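Me: I'd like to go through this one by asking how each label is earned. Could you set the values against the definitions for me?

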Amino acid sequence: MAQKGYFYCPLICIEYEIEMGSNVKREDLGHLLRREKEGGSTSFYQVVWRWHFYAGIIFTPFLIILAISGATYLFKPQIESIIYKDKYYVHEQGSSTLSPSEQVKKVKKSYPKSSVTSFTIYHDPKRTTEIGLIQGGKSVSVYINPYNGQIQGTLKEDDRFTEIFKKIHSELWIGGTPANRWVELTACWAAILLATGLYLWFPRKKAAIWGTLLPRLKRTGRTFWRDMHAVPAFWFSLLILSFIATGLPWSGVLGEEINQWAVKPKYANSFEEKPDSITYTKEIAKNIPWSNENLPVPVSSKGNYVPLGIDQIEEIAKQQKIKKPYTISFPENAEGVYTLSHSEHPTKLATIHVDQYSGAILSDVRFRDFGWLAQWIEVGIAFHEGRLFGLTNQILGLIVCIGIVGIVISSYIMWWKRRTTGKLGAPARSLDRNKTRIVFFLMLGFGLVMPLVGISILGVFLLDYFVISRWIPLTRWFG
Amino acid sequence: MWKWMIGVFVTMMIVSTACSSKGDKATQDPKQQTSFMQPIEVGIQVPSQLEPKKEYVLQVHLQQGKAAIDDASDVQFEIWKKDQLNKGKKIKAQHEQNGVYTVKNSFPGDGVYYIQTHVTAHGMHVMPVKMVVVGHVSEQELKSETDQPSHQMNGSGHHH
């Protein structure tokens, strides 16, 4: 007869007897298997608390990083207009501007080895024109005074000060796909922290204002810090959730899926000859709205024509009433198109592909052409970036970021006060196996909606099964 | 029971991933996109050999999809000599038949010229440019032209 072993996963809190594969005996786990009369709990509360605790321990350090980098990046326009003042603004506004082609010509003269890729015109008449170059494989922006043609400076895209915060916020500075996935995972688990936290916050016995809607300030110790954690977290929950939700469209896994759902290609204009491979707009042009990133790029007509110059493309932009600031991205090759794009005001978003020879509008997709879901997502993205309703929006974002940091700090203090030495200080597991499993499957339910969450839960399960559960001191430490 | 449920979950994960990758393929299939706009195609036809001070008929053929455009609201030819866009002229074209519109024009002297047709039809505007050589032009001038054609025609100077 096969040897009976006892199997226990401390992280996920699942225990059961198995035939083989475990050398842990039930007696070894005696310390974990408290009876109800010894003060153990069988409630759902206990199970949810444990999930909330572990998710918090793992993801809150990253949540703080995201909150601080995000809060800084929110103020990108203000920060950049101060530190790049000499590059961004002209000293004196002239009466007439040089044509775009004249400006491009001047830039080409100064940077003969570079190729011009884009041309951005701003709304503010005091702003310089931003001309994008590729210089030795790197993206560089040149700022030229449109009134006198004087080049006021250059900026390498990677060296931009605010780019540091963007890089931290989107890929934890280290960069690459794993870091980007980890950010997504943090955002998803933050949503679960909110859901489980709200469950824990909800009054279990009778509704009381103090400790629920208002903190019990006169209490001391853990109760005080519990209120400083749970009460503000409740008030912030909706705002935090909206910032998480509006950030997810950028994520690599869930975001791509949202994009597939929200952006149906029904409005994409077809062109006569179907290309063998599709180029997407985000690959060839700058400052593209989220909804148009995967818009297929048409090809310019073949024929013995002279390519149009940027002045005529600017004329088309005026005729098409594209809102400033807009960017004209240059064709990459003989088949390429000019791409006009506005990506700032959600309801004015536009991406227009223009045949570089005839000036024909090959594809014109604006906010009004988006599906309702894409429209809402665009509004959400603008909200997330703090450009939906100006300074108020930015300050709201800042308050939420401060709130997140505060909630995390108070949670650490709570944990520290409860913690006993030599142990992680996790909440004791529930004694009710069925409730433990029900919650586990509810969590897997989140995992189906957010694929990375599902993968991470399975990962933790495997870690539990193969590593932690086989090492008694470790199971004791995890509690 | 426990193992069985994990099994179900893993299967669901795989199915959902498979579904979304199927979705990818659907959007990548260009045939699924419906056509909203068909661009106007413009064919500018000029005699292969041009001499100065002789009158020529310049033609432009318009079509959308496979149908000729007979009801263009405006067709104009803009013709200018290299580097002299400001001195260029605009001539309104006459509709002949089957989407062919023509103007009569003579070039004042030797040189490189640009012919641009401004076409407004069916709510769209297109304006392709063709480069032509009239009479004798030195190799060098021709070469300087074809290197960067797009910037030669933009010397319109100040605006706003």
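Me: What makes helix H1 and helix H12 of chain A a packed pair, and how is their packing described?
Reply: In this predicted model, H1 (residues 44-74) and H12 (residues 390-418) of chain A pack at an angle of about 145°, with their axes 9 Å apart. Axes are lines fitted to C-alpha atoms, for helices over the stretch in contact, and angles run from 0 to 180 degrees between N-to-C directions. The helices themselves are DSSP runs (H or I, at least four residues; strands are E, at least two), numbered from the N terminus.

Me: Why is the crossing of H1(A) and H12(A) called left-handed?
Reply: A crossing gets that name if the near helix is turned anticlockwise from the far one by less than a right angle, and right-handed if clockwise. H1(A) passes H12(A) in the left-handed way. Contact here means heavy atoms within 4.5 Å, and the residues making it include A:Trp49, A:Phe53 and A:Ile57 of H1(A) and A:Leu398, A:Cys401 and A:Trp415 of H12(A).

Me: What classes of residue make up the contact of H1(A) with H12(A)?
Reply: The contact has 17 nonpolar, three polar and one charged residues. Ala, Val, Leu, Ile, Met, Phe, Trp, Tyr, Cys and Pro count as nonpolar, Asp, Glu, Lys and Arg as charged, and the others, Gly among them, as polar.

Me: How do H1(A) and H5(A) cross?
Reply: Their axes come within 8 Å and cross at roughly 145°, and H1(A) passes H5(A) in a left-handed crossing. A:Leu66 and A:Tyr73 of H1(A) and A:Phe165 and A:His169 of H5(A) are among the residues in contact. By class, that contact divides into five nonpolar, five polar and one charged.

Me: What makes A:Ile82, A:Ile83, A:Phe161, A:Ile164 and A:Trp173 a nonpolar patch?
Reply: Patches are made of residues with over 30% relative accessible area and no salt bridge; nonpolar side chains (Val, Leu, Ile, Met, Phe, Trp, Tyr) are joined within 5 Å, like charges within 9 Å. These five residues form such a patch on the surface, with about 490 Å² of accessible area together. Areas come from the Shrake-Rupley method with a 1.4 Å probe, and for residues only the protein chains shown count as cover. H2 (76-83) and H5 (161-171) of chain A each supply at least two residues of the patch.

Me: Why do A:Lys286 and A:Glu130 count as a salt bridge?
Reply: The term needs a side-chain nitrogen of Lys or Arg within 4 Å of a carboxyl oxygen of Asp or Glu. A:Lys286 and A:Glu130 meet at 3.9 Å, N to O, so the pair satisfies the cut-off. A:Lys286 sits in the loop between H9 and H10 of chain A and A:Glu130 in strand E4 (residues 129-135) of chain A, 156 residues apart.

Me: What is notable about the backbone at A:Pro325 and A:Asn287?
Reply: The peptide bond from A:Lys324 to A:Pro325 is cis, with omega near 0°. A:Asn287 has phi near 55°, a positive value in a residue other than glycine. Most residues other than glycine have a negative phi, and most peptide bonds are trans.

Me: How are things numbered and filtered?
Reply: Residues are numbered from 1 along each chain as its sequence is written, and chains are lettered from A and ligands numbered from 1 in the order in which they are written. Local features need pLDDT of at least 70, side-chain atom pairs count only at pLDDT 80 or more, totals for chains, interfaces and linings use all residues, and side-chain values use heavy atoms, with hydrogens and water left out.
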